[in-house]
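I opened a fresh page for this one and wanted to go through its hollows, its sheets and one chosen residue in turn. The entries below follow the order in which I looked things up.

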Amino acid sequence: MSSKEDKTLQAIKFDREHVKLDILDQLVIPYSTTYIPINTIEDAFQAIKLMQVRGAPAIAIVGAFAVVVDTHTYLQSGESSKTIKDLKDSLDYLITSRPTAVNLANALNDMKVLISLAAEDSKPVDKTTLKLLYDYAVALYDDDLANNFKLGENGLQYIISSLKEENFEGPFSIITVCNTGSLATSGHGTALGIIRSTYQNLNEENTKEDFWLDHVYPCETRPYNQGARLTTYELDYEQIPFTLICDNMVSSLINTLNREKAVKDSSAPVKFIIVGADRIVKNGDTANKIGTFQLATIANYFNNKNENQKIRFIIAAPKTTIDLNTPTGEGIVIEERPANELTTLVGPQLAQDGVGEKVTVGIATPGINVWNPAFDVTPHELIDSIVTEDPHVFTKDASGEYQLSK
């Protein structure tokens, strides 16, 4: 098992001088810190498909860097057969590795436009092509990192203003699902970035307000357990107080805390559910990790039951996640994952002397039908706000509709 010193929150390592890419293998966290090389577009396709890298922003960045590395290696080989059309076909192929996450498609389509403007499809891929791709990918990474910190600050300010509007005082808690932190982005994170920024500024010891973030509840996020494996890893790394819960414990948790009963050591009520997004369409409907719609529905139930215990449901994502070309959530393609993710569990054997080999354990009747969508769509009616790197937080107008822009 990796020690505290071995742990890292750097999911993507790109050597700008030597044009090399390594990614943190998120299938072996939290028990091992292992980087794997991405040398080709096919390597990136497989890493995305196998979920060795995940999180919409990180997927886009890895995809873009992989195109750069692949093109650099090709030019270093001295070959001259690849055309702009061939390269564009490779980008289209890479997009299919994760169709729901719009960030990947946006980034690779941007790359296609850049190289198309510079040369006709029949022209060979050359150093000019590589420079265009390289400059775009590096800017994508740098912009994402800067925007994550902006997003975190904007979310913090929204939380402060929301609690002040309610005249809320005392400790509060936040629920989140999946992993939306440094491991899902270039760094800091989206939903988890807001939680980071909030705890840094509103913990009990240094808050300047009449309220403070007391506890975070990450959901395990079945069937792939990104919350249990990755979000707990990040919260533990940052020493933010948290308690892991199963996805089906949320209603009981909120109800228990609303009755001022402690769960473990905290009785702070849940005031916010903050989640990420893989695609936000024009009307505000949002695709995110399966189980997100359920959380929004639960928040809506409690809000209708008692206005004094309002829970705000927040979507946190960079503006690259906004898809103005799709009118509503009905147009979002939902990826279905393999059945074995639901019928088996995969993990290392744990022993006192360390971590053993990974094993697969069956947990369901063999050969049964399985439905395993990777995402669901939360209707905009259930979303209180959409926080991006833009200081203007998107909220619904008087008619209950979002007016999104990029």
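**Entry 1: the largest cavity**

Which helix gives the most to the lining of the largest cavity? I note before anything else that this is a predicted model. I looked up the lining and found that helix 2 gives the most, with three residues. Helix 2 spans 56-76, and both this helix and strand 8 (286-289) supply at least two residues each to that lining.

I then asked how many such spaces there are, and the structure holds two cavities of 30 Å³ or more. The largest cavity has about 200 Å³ of space. It is lined by 23 residues, of which Gly55, Ala56, Asn179, Asp278 and Asn288 are the closest to its centre. Sorting the lining by class, I wrote down eleven nonpolar, eight polar and four charged residues.

**Entry 2: the second largest cavity**

For the second largest cavity I noted about 60 Å³ of space. Among the residues that line it are Met51, Arg222, Tyr224, Lys289, Arg337 and Glu341, and Asn372, Pro373 and Ala374 belong to the lining as well. By class, the lining of the second largest cavity divides into six nonpolar, two polar and four charged residues.

**Entry 3: the pockets**

I turned next to the open spaces, where the largest pocket has about 480 Å³ of space. Of its 17 lining residues, Asn225, Arg229, Leu345, Val346 and Gly347 are the closest to the centre. Helix 7 (226-238), helix 10 (340-343) and strand 11 (344-351) each supply at least two residues of this lining, and strand 11 gives the most, with five residues. I counted the classes in the lining of the largest pocket as ten nonpolar, four polar and three charged.

The second largest pocket has about 280 Å³ of space, and of the 18 residues that line it, Asp110, Tyr136, Leu140, Asp143 and Thr320 are the closest to its centre. Helix 2 turns up again here, since the elements that give two or more residues to this lining are helix 2, helix 4 (102-118) and helix 5 (127-165). The largest share, six residues, comes from helix 5. The lining of the second largest pocket holds eight nonpolar, four polar and six charged residues.

**Entry 4: the five-stranded sheet**

In what order do the strands of the open sheet of five strands lie? I read the order as 5-4-6-9-14, with parallel pairing. Strand 5 (211-218) and strand 14 (385-387) stand at the edges with a single partner strand each, so one side of each has no neighbour in the sheet. On average, neighbouring strands of this sheet are turned by 30° against each other, direction ignored.

Looking at one edge, I found that strand 9 (residues 312-316) and strand 14 run parallel and are joined by three bridges; alanine 316 has valine 387 of strand 14 as its bridge partner. Helix 9 (residues 292-305) packs on the sheet, where it touches strand 6 (270-275) and strand 9, and its direction makes about 155° with that of strand 6.

**Entry 5: the three-stranded sheet**

I also looked up an open sheet of three strands, which has the order 1-2-3 and antiparallel pairing. Why is one side of strand 1 (12-15) and of strand 3 (35-37) left without a neighbour in the sheet? Both strands stand at the edges and each has a single partner strand, so one side of each lacks a neighbour there. The twist from one strand to the next averages 25°.

Strand 2 (residues 20-24) pairs with strand 3 in the antiparallel sense over three bridges, and isoleucine 23 stands opposite isoleucine 36 in strand 3. Helix 2, noted above for the cavity, lies across strand 1 and strand 2 and runs at about 25° to strand 1.

**Entry 6: isoleucine 315**

Is isoleucine 315 buried or exposed? This residue is found in strand 9. Isoleucine 315 counts as buried because its relative accessibility is 0%, and buried means under 20%.

Leaving aside neighbours within four places in sequence, I listed the contacts of isoleucine 315, including Val275, Ile280, Thr286, Ile383, Ile386 and Val387. As a last check I took aspartate 142, which is 173 residues from isoleucine 315 in sequence and 22 Å from it in space, C-alpha to C-alpha.

Definitions and conventions
Residues are numbered from 1 along each chain as its sequence is written. This is a predicted model: local features need pLDDT of at least 70, side-chain atom pairs count only at pLDDT 80 or more; totals for chains, interfaces and linings use all residues. Side-chain values use heavy atoms; hydrogens and water are left out. On a 1 Å grid over the protein atoms alone, a cavity is a set of points where a 1.4 Å probe fits but cannot get out, and a pocket is an open set with protein on both sides within 12 Å along at least five of seven lines; lining residues have an atom within 4 Å of a point. Grid points are joined across faces, edges and corners, and a volume is the space filled by probe spheres set on the points. Helices (H or I, at least four residues) and strands (E, at least two) are DSSP runs, numbered from the N terminus. Ala, Val, Leu, Ile, Met, Phe, Trp, Tyr, Cys and Pro count as nonpolar, Asp, Glu, Lys and Arg as charged, and the others, Gly among them, as polar. Two strands pair if DSSP finds at least two bridges between them. Axes are lines fitted to C-alpha atoms, for helices over the stretch in contact, and angles run from 0 to 180 degrees between N-to-C directions. Contact means heavy atoms within 4.5 Å. Buried means under 20% relative accessible area, exposed over 50%, partly exposed in between (1.4 Å probe, protein chains only).
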